[in-house]
Amino acid sequence: MGRLASCAAVAACAAVAALAGRGTTAAPHTGAVAPEVPVSIGIPASGHPLPGVADLPLSTGADATRVPMQAGEALPTQDSPSLEPLPTDEPLLGDRARDGHRRSLARTSSLQQPLASLADMQPDLIAGCPQSLDCTRSATGARAWAPGWWGMAELPSGLYQYRSGYLLSTNDGGLVRGYVPLLGGALSVGSVWPVTYRQRALPGYVARYFDLGAPSAYRYANQVLYRVDPQDRIITSVAALLTGDRFEVGRPLPEGYDVYNLPLAYRERFRDGPQARYRYSDGYIYRIDPATGLVNGAIEMLST
Amino acid sequence: MPCRVPALVALCLLAVGGCRSESTPAQESDAAPLTIGHETLVAELAGVPDLAIVAAALDDVALAPVFDGAASYTILAPTDAAFAALGQAGTDLRAARNRPQMAAVLRDHVLPGFTTIEDIEGALAAADGAPIEVQTMGDHTVTITGGQDAGGILFTSVDGTTARLAGPAHLASNGVAIPIDAVLKDVQGPSG
């Protein structure tokens, strides 16, 4: 980007920030211009998990237990959580939302619902044999794999083998009884999304954050988000990798978040300190109480 | 229409970088400013000679666009020498027929968010010698030990393979590539 264009973009950014109700401010430590970002803070109201996941109704196919949506079919989704009015003594971290409510970190005592239930979306073992494979021959003697190596330790125990882009579950005789299509294999760009693979509708915020488009234009499997052509289900790209970790308000931070990891644009505003620590995962910033180690808030990183 | 804030911010940083040198503090007030590249992570990786294999592998398994988008990731990036040290297993891993295995290996080298070496050192210092853990996109964790006073930072995967820092981190607008001197996974995998 040329220097002139860059500076013009700075002006544009400042204008956008002003429209969002915030101007750019000088970073206190570096003197660099730090963009102020409109940030919305999700409050999971009682009975409203955030974010939730809606599985489509399942029906039985010819060779599998799960049938996906039809092309172009509208999917049920769960959108951002309900928002509570901001109490007057609540610290204001977000802008006033379009619905007239301010979004802010809520009191810990009111937050008991799960914040992230992507963790509920465990790997699916599809019954039967992939259509592209000849499963009539026994795979006895083939090398055995541990599902955990593939990041799918939650799969049912048993014997697993790898063949032609699939992780195959076999019986003692080596006959295939189920399978999981793999990233880079059966789930590659240009491949058709398996008709037998379960479709999941993600929370609206997650879909927006990862710029997935309509629910018919993406698929989620085993912590990977794929973009697909809604008409023919051909995988067009890998959109994102997710941890699928479970963050719940009032619960301890999941394992594996000992290091500060906020995206660049948020490091100035949300810095670890004696009052709060912050960690990023799957499109959300989570606030942690340093004294207790418990998650006490979730911050959405997109304005709506 | 939703406002793509991360993209906007990346644009702003690009713009700021063009007008003056960009820096950002780490989480503590006395942290040193960071020098941030203006490229996305995938573009930044493409320009690092010692990380050519991991960059090519990300492209081969179609993960490159993931690191060209709005979400931030940190890659513990094995150097070319690290892949070469695997011998025939490393050559096999890079074969087209083994892309699912390569994808699984790479996912265990990707961390959520934007983590610098200074962030790691800060966490190690705060832990006062205790190991710390980071989550990978392969549904595993990496244990980190060491630090400046203990011979450097040591990364240990769940299968016991280890790696050390192999150079300065490459900071991009949407992530970080931290070179390491070994592949942090038993690429042949345990038997089930």
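## Inside a two-chain predicted model

B:Leu63 touches A:Leu183, A:Val238, A:Leu241, B:Leu58 and B:Leu106, leaving out residues up to four places away in sequence. Keep in mind that this is a predicted model. B:Leu63 also turns up, with A:Phe210, B:Phe67 and B:Tyr73, among the residues that touch the most other members of the largest nonpolar core, a set of 96 residues. Here's a quick tour, starting with that core.

**Nonpolar cores**

- The largest core holds 96 residues, and A:Phe210 from chain A shares the top spot for contacts to other members with B:Leu63, B:Phe67 and B:Tyr73 from chain B.
- Apart from it lies another core, this one of 23 residues, including A:Val259, A:Leu264, B:Leu76 and B:Ile117.
- As background, nonpolar side chains tend to be buried together in soluble globular proteins.

**A helix pair in chain B**

- Helix α3 (residues 52-60) of chain B packs against helix α6 (residues 99-107) of chain B at an angle of about 120°, and their axes are 10 Å apart.
- That angle is why α3(B) and α6(B) count as oblique to each other.
- The crossing of α3(B) past α6(B) is left-handed.
- On the α3(B) side, B:Val54, B:Ala57, B:Leu58 and B:Asp60 make the contact, while α6(B) brings in B:Arg99, B:Met102 and B:Leu106.
- As for cover, 8 of the 9 residues of α6(B) are buried, so this helix is mostly hidden.
- The buried ones in α6(B) are B:Pro100, B:Gln101, B:Met102, B:Ala103, B:Ala104, B:Val105, B:Leu106 and B:Arg107.
- B:Leu58 and B:Leu106 are worth a second look on screen: both are part of the α3(B)–α6(B) contact, and both touch B:Leu63.

**Two loop residues with positive phi**

- A:Ser164 isn't a glycine, yet its phi is positive, at about 50°.
- You'll find A:Ser164 in the loop between β6 (159-163) and β7 (166-170) of chain A.
- With a relative accessible area of 53%, A:Ser164 is exposed, because the cut-off for that label is over 50%.
- B:Asp139 is another non-glycine with a positive phi, here about 65°.
- Look for B:Asp139 in the loop between β3 (132-135) and β4 (141-147) of chain B.
- B:Asp139 has a relative accessible area of 25%, so it counts as partly exposed.

**A buried threonine in chain A**

- A:Thr170 sits in strand β7 of chain A.
- Its relative accessibility is 3%, and buried means under 20%, so A:Thr170 counts as buried.
- Setting aside neighbours within four places in sequence, A:Thr170 contacts A:Leu159, A:Gln161, A:Leu175, A:Val176 and A:Arg177.

**The chains in numbers**

- Chain A has 2 helices and 15 strands, whereas chain B has 7 helices and 8 strands.
- In chain A, 55% of the 304 residues count as buried; for chain B, the figure is 56% of 192 residues.
- Take contacts between residues at least 6 apart in sequence: in chain A, 56% of them join residues at least 24 apart, and in chain B that share is 61%.
- Chain A has an accessible surface of about 12,200 Å², with 53% of it belonging to carbon and sulfur atoms.
- For chain B, about 7,300 Å² is exposed, and carbon and sulfur atoms supply 52% of that.

How values were computed: Residues are numbered from 1 along each chain as its sequence is written. Chains are lettered from A and ligands numbered from 1 in the order in which they are written. This is a predicted model: local features need pLDDT of at least 70, side-chain atom pairs count only at pLDDT 80 or more; totals for chains, interfaces and linings use all residues. Side-chain values use heavy atoms; hydrogens and water are left out. Helices (H or I, at least four residues) and strands (E, at least two) are DSSP runs, numbered from the N terminus. Buried means under 20% relative accessible area, exposed over 50%, partly exposed in between (1.4 Å probe, protein chains only). Contact means heavy atoms within 4.5 Å. Accessible areas come from the Shrake-Rupley method with a 1.4 Å probe; for residues, only the protein chains shown count as cover. A nonpolar core is a set of buried Ala, Val, Leu, Ile, Met, Phe, Trp, Tyr and Cys residues joined through side-chain atoms within 4.5 Å. Axes are lines fitted to C-alpha atoms, for helices over the stretch in contact, and angles run from 0 to 180 degrees between N-to-C directions. Angles under 35 degrees count as roughly parallel, over 145 as roughly antiparallel, 65 to 115 as roughly perpendicular and the rest as oblique. A crossing is left-handed if the near helix is turned anticlockwise from the far one by less than a right angle, and right-handed if clockwise.
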